[in-house]
Amino acid sequence: MKITFIKPNIGRMEHSLYVDEGRMEPLMLGVLAGLTPSDVECVLYDDRMESIPFDEPTDLAAITVEIYTARRAYEIAAEYRARGVPVILGGMHVTLLPEEAALHADSIFLGDAETAWAAVVEDARHGRLKPRYQGPPGVGQIGRVLPRRDLFRGKGYLPVTLMQYVRGCRFACRFCAVSQYFDKKHYIRALDDVLREIEAQDRKFIFFVDDNIASDHKALAEFCHALIPMKVHWVSQASLDVTRDRKLMRLLERAGNWGNVTGFESITPASLRDAKKSPNIPCFSHYKEEVGILRDHGMMSWAAFTLGHDHDTAASIAATVDFALESRFTLAAYNILMPYPNTPLYSQLEQQGRLLYGGKWWLHPEYRFNSAAFVPRLMSPEELTRACHAARARYNSFSSLLVRFADMKTHLRSFARIGAYWYYSLIFRKEVFKKHGMRFGLQ
Ligand code: SF4
């Protein structure tokens with residue numbers, strides 16, 4: 001038996017194919033292949049950089065679906081089904097919108113794969129795939145499963161190993177699909193399993209793709225203690241409340257944490273309250289104190305903003321860029337606030353009649369990447385799209401890159417950090433401009 005795992009692309013640029021030069025390993029597909037019995041042949045095709053050989057014989061196509069890749073994932077599924085190959089779709093988007101995904105597949109997988117993937121493989125082997133499988137959200141890679149990293153070789157992924165320690169997040173931000181998927185809970189892997197996985201690969205630079213590695217401070221402290229002797233450098237995603245625990249910040253630094261993606265979201269307190277962004281709300285001091293603590297501990301932060309809240313204007317978005325430049329964040333993402341299905345934000349905008357593209361922007365043929373998908377309160381959708389694009393252009397200009405680079409506390413701490421700053425800043429800059437205005441899907 002043979003299973004073909006597929007990581008779909010987002011779509012294409014207006015006049016040419018899009019190749020994602022900032023692509024990272026599709027960790028979850030490697031984990032699924034690791035969960036697959038060893039007598040089953042596994043192959044992986046990454047639509048972000050290679051053509052999918054639809055005519056190559058296979059017994060099952062397993063496609064991971066995210067909201068931004070849903071349209072393309074359904075196109076790929078249609079190609080396989082037209083050739084008589086059964087298709088199973090899984091991933092967060094499928095779990096949040098099962099009825100939509102079921103229209104495009106022979107089978108859908110809801111939730112986490114760990115407890116039910118073996119049943120899928122056995123059913124596919126005997127030609128009796130069920131229309132729906134479900135695994136409860138839970139601890140990742142149970143049974144000491146290691147991802148099949150051999151499947152990633154030769155695909156030009158960024159030189160960083162992806163791993164996971166914590167799944168989910170305890171917070172309840174109103175725009176966040178993770179919060180809905182995990183129902184405001186988190187699940188923590190056994191430390192020994194993570195340490196074993198670090199030892200089983202060659203790299204010293206790791207990205208823990210946890211939704212929020214700081215969801216449980218005690219577990220994060222234990223993790224740091226265990227990592228200190230491993231002498232690795234790592235980044236992750238961490239909520240801002242971690243800065244309130246100075247002991248934990250010292251531990252992070254000692255454990256080799258170079259920085260994290262952190263959801264700052266907004267510089268306007270009223271927007272944070274509306275969004276229920278509770279890790280950012282207490283002690284709000286326009287982030288001065290929090291940014292100072294991050295920098296004192298050498299954190300090369302990737303600040304993530306969501307723009308288009310009800311108090312946002314073009315001026316507040318420009319002020320957000322000023323704040324980010326003053327803070328010398330290594331990277332910053334100026335994301336338009338997106339109505340993800342099944343979130344409280346989506347329901348609110350739907351009730352208020354403010355959703356565009358029929359409420360299904362991820363499938364709409366006219367929707368373009370990085371465009372507003374709802375009507376903001378104080379600006380037009382076009383103004384919001386333009387203001388966010390201007391923010392990205394300003395933050396990623398060469399003069400801005402140079403100004404941010406000159407920071408002894410973070411980027412200039414070592415030659416390795418200097419290299420990482422320029423390597424990732426230049427890739428990120430290129431991708432930001434390439435992706436703007438992309439079409440979803442190829443058709
Ligand atoms: S802190 Fe981050 S991961 Fe957690 S609910 Fe809020 S946006 Fe989602």
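**Figure 1. The whole chain at a glance.** Of the 443 residues in the protein chain, 44% count as buried. Please keep in mind as you look around that this is a predicted model. The chain has 16 helices and 16 strands. Its radius of gyration is 21 Å, close to the 22 Å that the globule rule gives for 443 residues, so the chain is as compact as a globular protein of that length. Taken along the principal axes, the box filled by its C-alpha atoms is roughly 60 × 55 × 35 Å. Among contacts with a separation of 6 or more, 75% join residues that are 24 or more positions apart.

**Figure 2. Two domains and the place where they touch.** Here the chain is viewed by its domain assignment, which gives domain 1 (2-135) and domain 2 (159-440). Their C-alpha centres lie 27 Å apart. Where the two meet, 20 residues of domain 1 are in contact with 22 residues of domain 2. On the domain 1 side, β2 (11-12), α2 (70-82) and α3 (92-96) each supply at least two of the residues that touch domain 2.

**Figure 3. The open sheet that includes β1.** In this view, 6 strands form an open sheet with parallel pairing, and you can follow them in the order β3-β1-β4-β5-β6-β7. At the edges are β3 (41-46) and β7 (132-135), each of which pairs on one side only. Neighbouring strands are turned by 20° against each other on average, with direction ignored. To find your way, start at β1 (residues 2-7), which pairs with β3 in the parallel sense over 6 bridges. One spot to look for is Ile6, which stands opposite Tyr45 in β3.

**Figure 4. Helix α1 across the strands.** Helix α1 covers residues 27-35 and lies across β1, β3 and β4 (60-64). Relative to β1, the helix runs at about 170°. Leu32 can serve as your landmark in this view: leaving aside its neighbours within four places in sequence, Leu32 is in contact with Phe5, Ala62, Ala113 and Trp117.

**Figure 5. The largest nonpolar core.** This core has 115 residues. Which of them touch the most other members? They are Phe5, Leu32, Ile63, Ala77, Ile88, Leu89 and Ala332. The core draws at least three residues from each of domain 1 (2-135) and domain 2 (159-440).

**Figure 6. The open sheet that includes β15.** Another view shows an open sheet of 6 strands, again with parallel pairing, in the order β8-β11-β12-β13-β14-β15. Its edge strands are β8 (161-163) and β15 (331-336), and each pairs on one side only. On average, neighbouring strands of this sheet are turned by 20° against each other, direction ignored. Along one edge, β14 (residues 302-307) runs parallel to β15, and 6 bridges join the two. Look here for Trp302, whose bridge partner in β15 is Leu331.

**Figure 7. A closer look at β11 and β12.** Is β12 mostly covered or mostly exposed? Strand β12 (residues 233-237) is mostly covered, with 4 of its 5 residues buried. Its neighbour β11 (residues 205-208) runs parallel to β12, and the two are joined by 3 bridges. Within this pair, Phe207 stands opposite Val235 in β12.

Methods:
Residues numbered from 1 in each chain as written. Predicted model: local features only at pLDDT ≥ 70, side-chain atom pairs only at ≥ 80, totals over all residues. Core = buried A, V, L, I, M, F, W, Y, C linked by C-beta atoms within 7 Å. Buried ≥ 20, exposed ≤ 12 C-beta atoms within 10 Å, placed from the backbone. Domains from an automatic or database assignment. Contact = placed C-beta atoms within 7 Å. Pairing = 2+ DSSP bridges. Axes fitted to C-alpha atoms, helices over the stretch in contact; angles between N-to-C directions. Rg over C-alpha atoms; globule rule 2.2 N^0.38 Å.
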